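Me: I would like to go through this protein in short questions and answers. Please start with one residue and work outwards.

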Amino acid sequence: MRCILLFVKVKAFSAHTATVNDLSFDMEGEYIGSCSDDGFVVINGLFTEEIMKFDYHRPMKAIALDPEYSRSTSRRFVAGGLAGNLFLNTKKWLGHRDQILHSGEGPIHAVKWRTSLVAWANDAGVKVYDMASNQRITFIERPRGSPRPELLLPQLVWQDDTLLVIGWGTCAKIAAIRTNSPGASNGALKNISFSSVKYVDIVASFQTGYFISGIAPYGDALVVLAYIPGEENGEKEFSSAVPRQGTAQRPEVRIVTWKNEELATDALPVHGYEHYKAKDYVLAHAPFTGSSYAGGQWAAGDEPLYYVVSPKDVVIARPRDAEDHINWLVQHGWHEKALAAVEAGQGRTELLDEVGSGYLDHLILERKYAEAASLCPKLLRGSASAWERWVFHFAHLRQLPVLVPYIPIENPKLNDTAYEVALVALATNPSFHMDLLTTVKSWPPVIYSVLPVISAIEPQLNTSSMTDTLKEALAELYVINSQFEKALALYAGLRKAEIFEFIEKHNLHDAIPDKVVQLMILDCKRTVSLLIQYRDIITPSVVVKQLLQASKKCDSKYFLHLYLHSLFEISLDAGKEFSDMQIELYADYEPKMLLTFLRSSQHYRLDKAYEICVKKDLVREQVFILSRMGNTKQALAVIINKLEDIEEAIEFVTMQNDDELWEELITQCLRKPEMVGVLLEHTVGNLDPLYIVNIVPNGLQIPRLRDRLIRIITDYRTETSLRQGCNDILKADCVNLLLKYYKEARHAVYLGEGEDHGKIEDDEAPETSERAPNIRTSVVKSKMRGGGRCCMCFDPFNIRDLSVVVFFCCHAYHVACLSSSDSLGANDNVSDSENEGDDAAPGAPRMRCVLCTTAAGG
């Protein structure tokens with residue numbers, strides 16, 4: 001049951017001068033009847049000014065209007081009082097007339113009218129009268145031990161047209177009106193007037209542990225207004241004496257079945273209940289048709305109403321609906337069940353907001369912040385204002401970090417400030433720095449301003465609360481705000497592997513110079529490659545300076561070696577000022593490359609380089625430096641004494657091309673007989689082995705001397721044979737080349753412009769004349785003897801109609817002059833005799849320089 005404390009004055013009637021004892025409405029609710037101790041019965045129209053007043057001269061205690069009062073012309077009602085008479089008042093042609101239906105058994109305490117049935121209670125019990133047949137149906141005795149009516153009135157109510165509910169003292173009975181069945185009687189029923197038409201059965205009866213101040217139907221159950229008196233010596237008693245002040249308990253509204261099974265109980269918070277008696281309470285109800293009742297539920301708007309009246313309060317009660325159930329769950333702290341009921345569709349949709357808000361408040365009071373945050377998406381849904389309110393509420397409680405993962409970024413989109421407050425809350429709590437980083441990466445930057453968040457984090461940079469995760473989050477915020485250089489500084493400190501892609505993406509090469517060491521520690525190979533690629537921006541001096549100043553926590557010398565080595569491979573002069581340093585680095589980290597560097601570079605100090613090599617015991621490097629310093633004898637001594645490699649010593653001496661060094665080598669080798677033998681084997685072609693043999697002291701034992709001498713002689717013979725063969729080949733090649741040159745020199749070159757002349761010349765001398773290109777023509781002209789004149793006719797050559805034959809002796813002739821002269825025929829014998837073995841065909845004519853041929857013949 002849902003109880004509502006309510007009192008609103010709607011309409012008032014001043015009809016009586018004494019206490020009003022009972023009220024009755026007709027079925028249509030258009031008329032109200034009242035009776036009073038002043039002896040009057042008054043009927044008022046609720047919507048009209050009609051008033052009817054009847055005087056019975058004795059206090060009247062009960063009244064019941066005909067249910068059809070507003071429709072019937074008879075305007076009937078029944079009333080009774082202390083006189084003990086039950087009057088039936090009917091309107092006739094000549095006015096209203098009273099008929100006594102019953103009398104003589106004491107005062108009439110209650111009367112109820114339903115259809116044609118009238119039930120009333122007096123001191124003897126309850127009687128039922130049928131207006132249709134004008135006869136009494138039954139009499140139900142008053143329960144034994146029930147209190148006197150002056151202390152507790154009997155309660156009568158019609159549940160429907162055939163069920164009468166009786167409550168008297170601590171006893172409740174349900175009487176059923178039967179039809180067309182012979183009458184019966186039991187211990188509780190006595191027929192006063194036998195009727196073959198209708199009779200009454202007591203279908204239920206039970207005793208209660210309280211006094212019934214009111215009773216009414218509730219579907220298939222009963223609503224009972226229970227009065228619980230004060231306890232006397234540990235037992236509840238009811239007596240005719242006035243109860244002690246302040247001993248009564250709160251009245252209760254109970255729902256019970258016909259078997260007295262209690263379904264629900266509600267204690268009523270009425271004022272002054274401690275001082276009230278059982279008869280001070282009244283339970284009335286608005287008659288319920290029951291047409292829409294099914295399974296304990298009513299249709300909307302068809303619920304029965306119950307009125308609990310006390311001297312100072314009127315309580316209206318109605319059956320609980322889904323919303324009442326939800327509110328009841330909320331009041332008892334079962335918010336989760338209330339939420340489940342709302343989600344199941346019980347109650348208005350708007351109720352979800354109310355229940356959800358209450359549930360969240362409850363969780364907050366219980367300090368279950370994480371659970372409250374997880375429920376926010378379901379409870380707040382798409383309400384941006386609700387989300388913002390709870391964001392700031394969590395922030396006020398310093399619990400906003402637990403809500404951040406659930407804050408929506410769209411549908412709905414919140415105010416910028418809400419997102420900024422959330423990020424700042426994460427930033428100020430080291431436990432949630434990882435959540436901050438995740439949130440910054442996942443939230444779109446357009447929904448908030450990064451400057452307030454950056455301003456909240458930057459003061460923590462040099463404090464103990466600054467974690468690496470917070471630095472990375474700050475770097476992400478810098479990137480969003482296009483502060484790439486600041487982000488780079490943080491990434492470098494965090495040693496993020498993606499920093500190289502970040503540098504390339506945002507072209508941050510100018511910001512690298514002060515971060516060389518950090519980048520080297522992260523990935524030295526990629527850093528070196530980057531520094532080499534942008535060495536114009538990041539100069540070698542800057543890089544070397546940073547690496548030299550690096551802390552001892554990293555191997556800065558190794559990083560320096562990698563950088564200078566890569567610089568050396570790119571350019572020999574790029575790091576020339578660091579050559580001395582580079583020698584030491586090579587000696588420490590890559591000795592195999594030192595000799596290559598020494599041979600390639602010209603910018604290091606020889607004395608310092610030699611000192612390093614001696615210190616590191618790098619022998620071959622010492623040899624190279626000594627030879628470069630000009631101290632070849634010492635270099636040779638190092639090879640022989642430390643390397644003990646005679647072959648290398650021979651090679652070294654051979655490269656120096658110094659006879660004194662050979663003497664030194666021989667002198668050094670004489671001290672070691674084994675070296676003398678090796679020296680003999682490898683000096684063939686460089687030094688006469690006999691010279692070495694002659695200076696070897698007598699008696700010196702040289703291992704395997706015989707075999708070595710045989711090999712020396714064999715090698716010497718082979719070498720001599722090869723040299724002779726090479727000389728013969730060289731001489732033959734020289735002769736052949738001279739003959740070829742001589743033949744080429746005797747050929748003539750034709751200089752001309754017309755194709756016809758060329759053809760004529762080709763016909764006349766197809767194998768001896770050649771057509772030269774124009775470029776070559778100009779060259780030959782510049783070298784001709786005779787100043788550009790024909791050596792036969794001495795006429796100058798015409799450039800336009802050029803037709804000239806030029807020989808390699810630089811004599812030139814007109815083609816016509818040379819062809820018409822008899823020199824060609826006269827010199828045939830000479831040509832043939834001089835050109836035996838020539839590649840020309842036998843008998844073919846040959847062009848010869850007239851002047852040179854004549855001079856040779858003369």
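Me: Is Phe500 buried or exposed, and at what relative accessibility?
Reply: This is a predicted model, where local features need pLDDT of at least 70, side-chain atom pairs count only at pLDDT 80 or more, and totals for chains, interfaces and linings use all residues. Residues are numbered from 1 along each chain as its sequence is written, and side-chain values use heavy atoms, with hydrogens and water left out. Buried means under 20% relative accessible area, exposed over 50%, and partly exposed in between (1.4 Å probe, protein chains only). Phe500 therefore counts as buried, at 5%.

Me: Which residues does Phe500 contact, leaving aside neighbours within four places in sequence?
Reply: Phe500 sits in helix H11, residues 499-506; helices (H or I, at least four residues) and strands (E, at least two) are DSSP runs, numbered from the N terminus. Contact means heavy atoms within 4.5 Å. With those neighbours set aside, the partners of Phe500 are Leu519, Leu522, Asp523, Arg526, Thr527 and Leu530.

Me: What distance separates the C-alpha atoms of Phe500 and Asp523?
Reply: Asp523 is one of the contact partners of Phe500. The two residues are 23 apart along the chain. Their C-alpha atoms are separated by 9.3 Å.

Me: How many residues of strand E11 are buried?
Reply: E11 covers residues 117-121. On one side, Leu117, Ala119 and Ala121 are buried, and on the other so are Val118 and Trp120. Both faces are thus covered. The strand is largely enclosed by the rest of the structure, because the buried count is 5 of the 5.

Me: Which residue of E11 stands opposite Lys112?
Reply: Strands E10 (residues 110-114) and E11 pair antiparallel over 5 bridges; two strands pair if DSSP finds at least two bridges between them. They form a hairpin with 2 residues between them, and Thr115 in the turn has a positive phi of about 50 degrees. Opposite Lys112 stands Ala119.

Me: Which residue of E12 stands opposite Trp120?
Reply: E11 also joins strand E12 (residues 125-130), antiparallel, through 5 bridges. The hairpin between E11 and E12 runs through 3 residues. Opposite Trp120 is Lys127.

Me: Which strands stand at the edges of the open sheet E14-E15-E16-E18, and why is one side of each left without a neighbour?
Reply: This sheet has 4 strands with antiparallel pairing, in the order E14-E15-E16-E18. Each edge strand has a single partner strand, so one side lacks a neighbour in the sheet; the edges are E14 (155-158) and E18 (198-207).

Me: Which residue in E18 is the bridge partner of Lys173?
Reply: Strand E16, residues 171-179, runs antiparallel to E18. The two are joined by 9 bridges. The partner of Lys173 in E18 is Ser205.

Me: What phi does Arg367 take?
Reply: Most residues other than glycine have a negative phi. Arg367 lies in the loop between helix H3 (351-365) and helix H4 (369-380). It is exposed, with a relative accessible area of 64%. Though not a glycine, Arg367 has a positive phi of about 65 degrees.

Me: What is the relative accessible area of Asp617?
Reply: Asp617 is in the loop between helix H18 (606-616) and helix H19 (619-629). Its phi is positive, near 60 degrees. Asp617 counts as exposed, because its relative accessible area is 53%.

Me: Which residue just after H21 takes a positive phi?
Reply: Helix H21 spans residues 646-656. Its buried residues are Ile646, Glu648, Ala649, Ile650, Phe652 and Val653. Just after H21, a positive phi of about 50 degrees is taken by Asn657.

Me: Which residue is joined to Asn411 by a cis peptide bond?
Reply: Most peptide bonds are trans. Here omega is about 5 degrees. The partner lies in the loop between helix H5 (384-396) and helix H6 (416-427), and is Pro412.

Me: What share of the residues of the protein counts as buried?
Reply: The secondary structure comes to 31 helices and 31 strands. The protein has 858 residues. The buried share is 44%.
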